Each structure stands twice: as structure tokens, then as C-alpha cells.
Amino acid sequence: MDKSARNSVPEPAIALRDVSFGWSRSAPPLLRIESLAIARGERVFLYGPSGSGKTSLLNLLAGVNLPQSGDITLLGEKLNRLSGRKRDRFRARHIGVVFQQFNLIPYLSVLDNVLLAAHFARLPGPESHARARELLAHLGLEDALATRPARTLSVGQQQRVAVARALVAEPEILLADEPTSALDSDTRDAFIELLLASAARNNTTLVFVSHDRALQPHFSRALDVRELVHQGETA
Amino acid sequence: MLFKLARQSLWNRRSTAALTLVSLMISVLLLLGIDHLRNQARDSFSQTLSGTDLIVGARSGQLNLLLYAVFRMGNPTNNISWESYQEIAGHPAVAWTVPLSLGDSHRGFRVLGTTTDYFEHYRYGQRHPLRFAEGRAFDDVYDAVLGAQVARELGYTLGREIVVAHGTGSVSFARHEDHPFTVVGILAPTGTPVDRTVHVSLEGIEAIHIGWGDGAPRRGAQPDPEQVRAMDLTPESITAFMVGLNSRAMTFTLQRQINDYRQEPLTAILPGVALTELWQMLAMVENLLYVITFMVLLASLIGMATMLLASMKERQREVAILRAVGASGGYLFWLIELEVLLLALLGVIGGTVLLSIVLWVAQPLLASEFGLFIALNPLQDQTLWIAGGIVALAGVVGLVPAWVGYRRALSDGLNPRL
């Protein structure tokens, strides 16, 4: 895509074309996606049972793994054309990730965990400090928690810190991998609302992966991974 | 941030890290300690006898002469006649001489017949003179002065009467029972063979052998001490003698003259040179010690690498998080390498401090008990090189876990199986 096209038509945040992925070339691919497009600011619920290739897809979208063939285009940048180092840099600047659990480095303080992401995105220190504090406050984490080691927090609090960490560098894309599965049902809905609100504040594109269909009503668009992905026969 | 991560990550695993650190510190302590002791031992060994320019004995190898004259080990090949001794002692270049007469012993300790000049001219280390811990030099024929170790091991004090045995074995059937000696002085420890020597006068040696022939007492009455004191007790021969020169420049000239002495075959050696040569023969042991210490160090470093490798499993989550926020594989590599270097640096510093403490505690003990004077400061020019070498070696060994961390980071993705 050239620059003029990029400016005129709002291009999708995420675009996959003829992507196939597997651990070795000789084995049949684990994952095959003909096409997928997610617009900027869209909030997508990606549904799939375990073993359906959600994790592989997530690693591809985050630029940690590369497809064997096809293009993965994020924000107009073809990830599979970038060097490993550039992909790492791209991830730091443009992608936030929230896992289902153990999102934080347990021995670092809450604030340092958030600042870690800012560090890799090369944000200036004072600015990232202010933004980290603001995000933590927005997510309902009082100031006193900031200096505590992450391991002393409850799971619910840790997940909220993880959201702050994922959003501190103001990424265009937020990938959430079953971030609610470790939470009980009361905190789960509150967490999702908070996540959606935080994403909306920055107009962040959200890809939320889960096996729990009950969460689907929160999202504007839902996709079934099994329909999207044509898996290899052995997987 | 990298440094903070490495530091906090180590602190997070402080129990295993501390054990690794302790093992590192001990190997650093061993390595630096052995290096320090080696230097100190070499210095003190080559200065077992200082201030003496030549040692003269009957014709023999220089090592043999050194061993029996200085270390009281082995046996002299032959004696030197009193006339030859007197002639060389009268040489214009000679400032002083100290005669040495060996051949008897007391309960395994060699008895040395000499003159009071011995206490004046014998020097060790940095020209330390002999010092009396108790009492005084011998005066009477039957006076004896003990080395520090003799007094300590046998529990002798001033005034004690001792019987000298003929020959140098610790068990002897021919004893000079009729002529007991009285302890009149005990020397302070020196860390030299002086500590293991019983010193008596030349006349004393002569006196106990009156009426002896062929290594056994002749039959018949032995003279009593008063009669002996009245006799002329000038010996016919001595074993060796130490020579001090007016000018050190004359050393080689006089050595050649003595080696070419016409009246009887003599050998003169330079004690400093001979001691250094003897030490070089012991270099094998020294190198062996080094090899062993190096192995201990290597074992600790491999232990450290093992610790870090083992920790990689529990750190999979950490790696995934760092990858997710944009850390590259290289970042993980350097994180682990930095942890290795931090540990190694702490180990080197801790080991050096530990060694200083050990030296500080042990030094007075070594000095009073063994007469070993060890410098307190273990730091020398080469210590820095050794320390640098240890850290560098740690860095090399650390490449293994660092590389594993790097590979893990690239292959595991964001959701490793736990």
C-alpha cells in the first residue's frame, strides 16, 4: 500500500491475508487464515475453545511469531517484512498485551511494572510517570499501591495493573488473552467494563480472545476462531 | 531499567543467589588467598636467611649444604678443619663469621653448636635479628638456648635441664647423660628452622664428646663438669660456617677463592640464590595448588550457570511478560549476562573482604604461633588482574544461560506452557 491510499481510506488496524503458520515447513500448518480485517477503534470478541489456535493467532498478531506465508499488516506496517528487532520495537510502541494471569513481574513494584512498558516504548521518564499514575487512578488503584510489589496484590488488582501496563504507551492495538478467566463473576463484568472504557478513551483497537461466550454481549463484533481458522489436520 | 531488573530479579531469588554468591566468595577467597600466601611464602622462604653473604661447608652440592646448614635437614658430607675456618675467617674481605657444628639432637630437634655471634648476625625476612622471648644467650659450656617451637612442643621453660643425644634421630641409644644442659634462653618465633633448633656453644658440643670415640663413649671414668670447664675446648673441626663480608662486591671473588681452596675441598654458596633455586623446585606444588583453586572457581561458576539455567524455568512467565512489552531476545540475553556479572562482581568483592577479615584474624595467631609474618593487605597489582579474570570467566560461563534465555525468548512466544 502506498502513502496516498493510506491517507484517503481509513485502513484497518489489523489485516491478515493468506496467512499460514506452523512450527515446521514439513508439517501441515496449524493455522490458516485467508483474510481478516479489523478496523481502527473496533472492539472484537474472538471466540474459540481451547486448542482452536487462539494462542498461535495471538503470537502472530503480536509479532512474536511469523507466518510461514501470507501478510500480517498492522497499522499499515507489514510485520512479516520487519526484522526481529524492529518487530520488538513495533510491539513496544503499538501493541499492548494482557494475559489471563501472571501479567506482572512479581518482584517489581506496581508502578515499575507499568513503567516497564513505557521504558521499552522509549517514552520520556516524567511523562510516563504521570501517565502511569493517571492510568492506575483511572483503573481504581489507589496511590498507596503503586510502590508495593506486584505479588502482594489480589488477582483482580493485578489484572487492572496489567491493563494500565498495556495502555501506558498509548498503543493503537490492545490484545487481551482471556484476561478475565482468573476472576470471579462479580469482578469480571466490572473488569471488562473498565477495560472497554480504558480502550475507548484512547480509541484503542481491542482484540479480546476468550472461550467464554457469556462475555460476547460486551463487544461490538464477535468472531468464531474456528470459522476464521482452517487448522491443519493434525492439530 | 536493565540494571534494576537484574538487581531486583536476583534479589527476588535471593536464597539461591546467596548460596551461589557464597560459593563464589569462597572460591575467590581461596584463589586470592593462595596467591597471597604463595607470594608471602616465597618471600619469607627466600629470606629464611638474610644478611649472610656466603655459607661455607665441606665440598658438596649447593642444595645439600643449604639443607643441612640452614634447614638442619640431611647430613653433612664432611667437616671443615678448625684451621681452615680460622684462615678464611681472617681473610681481609670477611667482616664476621659464625661457626655451625651439627650432629647431635634433643628429642628429634637438632642441636647446633655455635658462638654468641650467631644471635647477633643471624637475620631473616627483612633483616630481622633474632630476639629472645625469655632469658639470654648461652654463656657457660652447659647452657642451651631453645628455638620457639622446641620450647613450645616440649613445654620447656628456663632452668630446665636437657640431655643431648648423639646422632640426629629422634630415638637414640647413645646419650650424653653425664653432661646435661640448662636452658638459659628461649627465642621468639621466626618462622625459620631456627625455631626447631637447640643452640649450645661450640665448647658445649666439644665437652659432651670428651672421652667419646667412634660415636660411642669409651669405657672408663668421665670427667666431671668442673674438670671439663678447665680444659681447652677449642674444636678440631666444625660442620659449616656463615660468612658476612665487608663489601658485597667481594662475594663472588671470595666464593671462587673458597671453592678453589687448596688445603681441603670446600664449597661456598650464596644463600639467597640457593634458596630461590630450592623454591623453584617446589613450584610444582605451587602450580598444583593453582590448578586446584582454579577448578574450585570453575565449579562455582558452573554452579552459578546451573542456578541461572534452573531459574529459567520459573522465569518463563517473566520472559513472556518482557517479550510482550517489547523486549527483544537480545535484551533477555543481556539481562541474564548482567545478573552473572553482578553476582561475579559481588563474589569478587565479598571474597576479597572475607580474605582481609581472615588475614586480620589469623595474622597475630600465625605470627605468635608459627612466626609467619603475613602482610594484611592481600591486594597487589596482579590481584586486580585476577579479579578481572574471574569476572570475565564468569561472563563467559554466563553465556550459556544467557544464550538459553535468548533462545527461550524467541521460541516460547507469549504464552508458554507452565
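In chain B, the centres of domain 1 and domain 2, taken over C-alpha atoms, sit 51 Å apart. Domain 1 covers 2–45 + 283–412 and domain 2 covers 54–269, with bounds from an automatic or database domain assignment. This is a predicted model, in which local features need pLDDT of at least 70, side-chain atom pairs count only at pLDDT 80 or more, and totals for chains, interfaces and linings use all residues. Residues are numbered from 1 along each chain as its sequence is written, chains are lettered from A and ligands numbered from 1 in the order written, and side-chain values use heavy atoms, leaving out hydrogens and water.

Now for the cores. The largest nonpolar core (buried Ala, Val, Leu, Ile, Met, Phe, Trp, Tyr and Cys joined through side-chain atoms within 4.5 Å; buried being under 20% relative accessible area with a 1.4 Å probe, protein chains only) has 123 residues, and A:Ile14, A:Leu16, A:Phe208, B:Leu5 and B:Leu322 touch the most other members. Its largest share, 12 residues, comes from helix H13 (residues 329–370) of chain B, helices being DSSP runs of H or I, at least four residues, numbered from the N terminus. Another core, of 31 residues, lies apart from it and includes B:Phe45 and B:Phe138.

Over in chain A, helices H5 (residues 125–138) and H7 (residues 185–201) pack at about 140°, axes 11 Å apart; axes are lines fitted to C-alpha atoms over the stretch in contact, with angles from 0 to 180 degrees between N-to-C directions. The two are therefore oblique, the class left after under 35 degrees (roughly parallel), over 145 (roughly antiparallel) and 65 to 115 (roughly perpendicular). In H5(A), A:Glu134, A:Leu135 and A:His138 meet A:Leu194, A:Ser198 and A:Arg201 of H7(A), contact meaning heavy atoms within 4.5 Å.

Key. Buried means under 20% relative accessible area, exposed over 50%, partly exposed in between (1.4 Å probe, protein chains only).
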